[in-house]
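Let's take a friendly walk through this model together, with the structure open beside the text. We will begin at the ligand and then move on to the other parts.

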Amino acid sequence: MNVVVCVKQIPDPAAPGSLDPSTHNLVRGGKLILDDSDSYGVEMGLQLAEQAGGGEVTLVSMAPAGETSGLRTALAMGAAKAILVSDDTLAGSDALSTAKVLAKAIERAQPDLVLAATESTDGYTGTLPVQLAELLGMPSITFAKKVLISDGTVRVERQTEAGYDDVECPLPAVVTVTSGVVEPRYPSFKGIMAAKSKPLEQLAVSDLGLTSDAVGAAGARQEVTGVSAAADRQAGEKVVDEGDAHEHIVRFIEQLKLA
Amino acid sequence: MLSELRINLEFFLTDWLKIDELLQRPRFADHSWESITDLLHAAERIAANKFEPYNRLIDTEVPRFDGEHVILPKATHDAWDSLVEFGIFPASQDHENGGMQLPQIAEFAVHTLFAASAVAMCPDVLTESNASLLVAYGTDMQKKIFATSEFEGRWTGTMALSEPQAGSSLADITTKALADGDDFEGDAFGPRYRLTGNKMWISAAEHDLTDNIIHLVLAKTPNPDGIIDSGTRGISLFIVPKVLVDLDGKLTEHNDVALIGLNHKIGFRGIPNTSLSFGDGSYQPLGKSGAVGYLVGQAGDGLRQMFHMMNAARIRVGLGAAALGYAGYAASLDYARTRTQGRPMTLEGRDPSKPQVPIIEHADVKRMLLVQKAYSEGAIALCLYCARLLDEQKTGGADEMRKASILLDTLTPIVKSWPSEWCLEANNLAIQVLGGVGYTPDFPVEQFWRDNRLNMIHEGTHGIQALDLLGRKVVMHEGEGLRLLEEEITGTIERAREHSELASSCDQLSVAVQKVREATAGAWSTGNREEALANATPYMQGFGHVVLAWIWLDIVAATTPANNPITEGKRAAMRYFFAYELPKIDAWLGVARDRVPVCTEMQDSWF
Ligand SMILES: Cc1cc2nc3c(=O)[nH]c(=O)nc-3n(C[C@H](O)[C@H](O)[C@H](O)COP(=O)(O)OP(=O)(O)OC[C@H]3O[C@@H](n4cnc5c(N)ncnc54)[C@H](O)[C@@H]3O)c2cc1C
């Protein structure tokens with residue numbers, strides 16, 4: 001059971017971030033970290049490989065300047081190896097051109113299953129995994145809260161607003177994992193030390209058989225035309241509990257549902 | 001809070017303490033700055049998920065005795081398990097002892113994150129320092145069975161020194177240890193004794209986290225003539241497992257150690273504190289009453305060996321106090337940025353139709369925040385500096401190792417007492433910044449204060465630290481400790497002189513060092529111990545403030561004033577310390593220098 005987990009390395013949300021005023025792209029200088037929403041995919045992948053009694057987890061990531069910090073975190077959690085695509089020509093990529101790059105990298109790993117987060121914490125487009133499935137010619141299932149593998153089939157409890165649907169499809173497939181559905185293990189000290197000697201293959205665009213005009217800003221079909229500041233948060237409504245706070249809360253939740 | 005703290009720790013490790021130079025040393029060949037930052041990130045995540053959210057819970061769901069077991073909340077079990085899986089306990093030990101030779105400065109940085117999140121979560125410090133003592137003094141078998149199990153987190157450790165009638169004065173302990181039968185020396189775990197007596201205040205001596213607990217107990221043994229020394233010479237150190245074990249470390253039967261009761265405390269409530277009875281016949285291990293204990297090292301050498309654990313624990317007490325100071329600082333900073341109250345002192349501020357401003361804009365609130373920053377970050381830096389000395393002790397050349405040991409010995413009372421006193425004051429100010437809500441349990445600052453209040457009491461009270469400093473540390477080896485410290489400070493001043501804007505601070509610190517020297521000489525000028533030590537605590541306060549001024553100057557002199565908030569913040573903290581704090585030393589050092597007899601002359605009946 002070979003699982004590829006797509007992981008994104010993003011600027012630390014704890015550090016103040018900024019946008020490039022000319023391109024409106026997020027400035028990605030400095031150390032990047034493993035996107036928290038990907039840690040669920042990594043954990044799910046590790047569990048599935050363990051349950052299958054064999055196989056391993058390969059990480060695939062695209063990041064600037066050979067950045068590996070986030071990959072190292074996932075390797076320290078237990079992934080076996082990583083493929084990193086890093087190339088100056090990738091700057092300005094949109095979701096589709098990123099998917100093209102990742103698809104080529106994933107093909108090299110010949111996985112039985114590809115896992116990704118439902119969306120990244122810095123970009124939030126949530127479109128990449130399905131584009132990836134299309135490019136790889138694999139079926140895709142989104143919003144998995146539980147994943148079961150048996151006899152070449154993946155069965156997923158797919159989260160919906162009302163509960164969940166049972167869906168299944170043949171392997172190989174692309175499945176997106178909802179945040180919070182498993183508890184990602186913490187990298188241990190031993191794991192961190194072991195991660196240093198795990199294979200990390202670093203590829204350029206040309207290694208993938210892609211040309212630079214198909215990727216990065218040149219290949220992007222999407223353009224950010226403007227950015228405006230989010231509205232200031234409005235003052236909340238204070239409820240003084242005079243024994244009837246629960247009624248206020250019920251009303252508040254009902255309004256939320258309507259909205 | 002944790003991310004900011006981690007960024008600060010990284011700054012101290014790289015920009016100030018130059019960890020990359022340390023990492024060149026052969027002992028640390030496996031480590032790189034990259035893997036150490038990964039370690040800090042991982043620690044931050046565990047602290048953020050398993051510690052910080054439960055800090056209030058462990059304060060309210062206190063350890064409970066059900067007649068058989070002391071039960072800790074699930075959150076404590078989870079946090080303990082996560083620390084054990086993280087594998088941090090043996091991290092800095094030698095490879096041959098199952099460790100990974102992590103530099104102590106990195107390990108200390110990791111612990112700062114946990115301590116700032118929930119300082120009283122679990123007995124990690126106790127367990128680690130207990131096992132480290134056994135690594136230093138234990139036999140191979142004692143290491144293999146007891147230390148290893150503690151490093152692996154399967155068992156926890158305690159230090160059992162205090163007794164109801166003997167807290168500060170350990171010479172007066174009465175717990176006794178007698179050789180257990182004629183073959184007592186033939187036991188695989190070391191010479192076997194039977195202990196009887198009561199211990200008081202023993203932390204983490206009963207709980208349900210692990211199925212065994214390893215007590216390191218001080219007890220008196222008779223000399224070959226059967227006489228028990230009334231001083232410290234008769235004190236020996238014993239391993240007393242709660243449950244006895246066979247040669248494979250499998251649990252066999254309950255030792256004759258019984259819980260008398262749990263002590264109720266105003267803080268540090270997550271860790272149970274116990275009164276214990278040894279050898280009262282509650283159990284009959286190996287067929288008879290008397291707690292079975294295995295001698296560590298030589299008989300009569302107990303206190304010296306225990307100091308190994310206490311010295312390590314004292315630095316960690318300082319670190320815990322510093323981390324609590326930081327936690328209060330971060331919480332009050334957060335609050336001050338969002339709470340609006342009052343208007344500026346400017347003309348414009350007189351207009352009541354203008355909106356109120358966040359309280360962080362008031363000079364007095366900034367003062368309270370800056371005090372906390374200077375105290376807590378300064379204290380963290382001091383602890384990291386001492387950890388750096390621990391690394392030097394292991395990896396420096398012969399001369400550096402010796403110097404590092406003496407310097408560390410001299411600074412131990414400071415690194416324990418200074419954060420305990422001043423980061424408690426920082427927590428006091430954190431409450432003040434919050435105003436009324438600071439005085440309620442709706443915000444965490446009052447708990448930080450209660451938790452921190454312990455640190456001036458345990459591991460040698462404030463007063464005892466002061467006696468240790470003035471009575472021993474600055475006079476031993478003919479004052480070499482103080483001389484070495486002066487050398488270090490002079491080195492810093494020389495480096496700082498290269499920055500013209502630091503010139504007046506350099507002058508100020510030179511004078512301050514001179515005052516420490518004069519106070520030390522003045523205190524001892526009559527050679528009368530009682531006179532010399534009567535003002536030991538103010539002496540320690542003055543000494544500590546000079547040390548912290550030096551630490552701050554050293555940080556600023558070593559880091560370029562890049563126009564970024566971190567270095568600007570450090571500069572502001574230094575300026576604050578030199579302008580508001582360092583001048584206080586005159587009062588403290590003056591009474592010590594002049595052997596002011598006001599307190600000694602005070603009569604009981606005049607109170
Ligand atoms: C929460 C908590 C946890 C603890 N955990 C442990 C533990 O795990 N293991 C353990 O062995 N102990 C532990 N202790 C005990 C602690 O170390 C002692 O409380 C401490 O050493 C002081 O002893 P005491 O309480 O008997 O106070 P005392 O020694 O009676 O001191 C009372 C006051 O008198 C002063 N004083 C005493 N002697 C002198 C002197 N010669 N000159 C000047 N002033 C003096 C002290 O400074 C203090 O201010 C713990 C205590 C607490 C509160």
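Which of the 21 residues around the ligand come nearest? In this predicted model, they are B:Leu161, B:Gly167, B:Ser168, B:Thr461 and B:Gly463. If you would like to find the surrounding shell by its secondary structure, look at β3 (156-160), β5 (192-203) and α13 (462-473) of chain B, the elements that give two or more residues to the shell. Sorted by class, the shell around the ligand holds ten nonpolar residues, ten polar residues and one charged residue.

**Where the chains touch**

Next, turn to the contact between the two chains. On one side are 16 residues of chain B, and they are in contact with 13 residues of chain A. On the chain B side, α3 (33-51) and α5 (74-86) are the elements that give two or more residues. The largest share comes from α3(B), with seven residues. By class, this side of chain B has seven nonpolar, five polar and four charged residues.

**Chain A as a whole**

Chain A contains seven helices and eleven strands. Its C-alpha trace spans about 65 × 50 × 40 Å along the principal axes. How does the radius of gyration of chain A agree with that of a compact globule? For 259 residues such a globule would have a value near 18 Å, and the 20 Å of chain A agrees with this. Of the 259 residues, 40% count as buried. Among contacts in chain A with a separation of 6 or more, 73% come from residues 24 or more positions apart.

**The sheet of chain A**

Nine strands of chain A form an open sheet with mixed pairing, and their order is β9-β8-β7-β10-β6-β1-β4-β5-β11. At the edges are β9 (164-170) and β11 (200-203), each of which pairs on one side only. On average, neighbouring strands of this sheet are turned by 30° against each other, direction ignored.

The table lists some of the strand pairs in this sheet.

| Strand pair | Direction | Bridges |
|---|---|---|
| β1(A) and β6(A) | parallel | three |
| β1(A) and β4(A) | parallel | four |
| β4(A) and β5(A) | parallel | five |
| β6(A) and β10(A) | parallel | five |

You can follow these pairs residue by residue. Strand β1 covers residues 3-6 and β6 covers residues 113-117. A:Val4 stands opposite A:Val114 in β6(A), and A:Val5 has A:Leu115 as its bridge partner in that strand. Farther along β6(A), A:Ala116 has its bridge partner, A:Thr176, in β10(A). Moving to β4(A), you will find A:Val60 opposite A:Cys6. A:Val60 also has a bridge partner in β5(A), namely A:Ile83.

**Two covered strands and a helix**

Why is β6(A) described as largely enclosed by the rest of the structure? Five of its five residues are buried, so the description follows directly. Both faces are covered: A:Leu113, A:Leu115 and A:Ala117 are buried on one side, and A:Val114 and A:Ala116 are buried on the other.

β4(A) is mostly covered, with six of its six residues buried. One face carries A:Val57, A:Leu59 and A:Ser61, while the other carries A:Thr58, A:Val60 and A:Met62, and all of these are buried.

Helix α3 (residues 95-109) of chain A lies across β1, β4 (57-62), β5 (81-85), β6 and β11 of the chain. Relative to β4(A), this helix runs at about 155°.

**A look at one residue in β7**

Let's finish with A:Ala144, which lies in strand β7 (residues 140-150) of chain A. Is A:Ala144 buried or exposed? A residue counts as buried if 20 or more other C-beta atoms lie within 10 Å of its own. A:Ala144 has 25 other C-beta atoms within 10 Å, so A:Ala144 is buried.

Leaving out residues up to four places away in sequence, A:Ala144 touches A:Val156, A:Glu157, A:Arg158, A:Val175, A:Thr176, A:Val177 and A:Thr178. A:Arg158 and A:Ala144 are 14 residues apart in sequence, and their C-alpha atoms are 4.6 Å apart in space. A:Thr176 appeared earlier as the bridge partner of A:Ala116.

Terms used: Residues numbered from 1 in each chain as written. Chains lettered and ligands numbered in written order. Predicted model: local features only at pLDDT ≥ 70, side-chain atom pairs only at ≥ 80, totals over all residues. Pairing = 2+ DSSP bridges. Axes fitted to C-alpha atoms, helices over the stretch in contact; angles between N-to-C directions. Contact = placed C-beta atoms within 7 Å. Rg over C-alpha atoms; globule rule 2.2 N^0.38 Å. Buried ≥ 20, exposed ≤ 12 C-beta atoms within 10 Å, placed from the backbone. Near = placed C-beta within 6 Å. Nonpolar A, V, L, I, M, F, W, Y, C, P; charged D, E, K, R; others polar.
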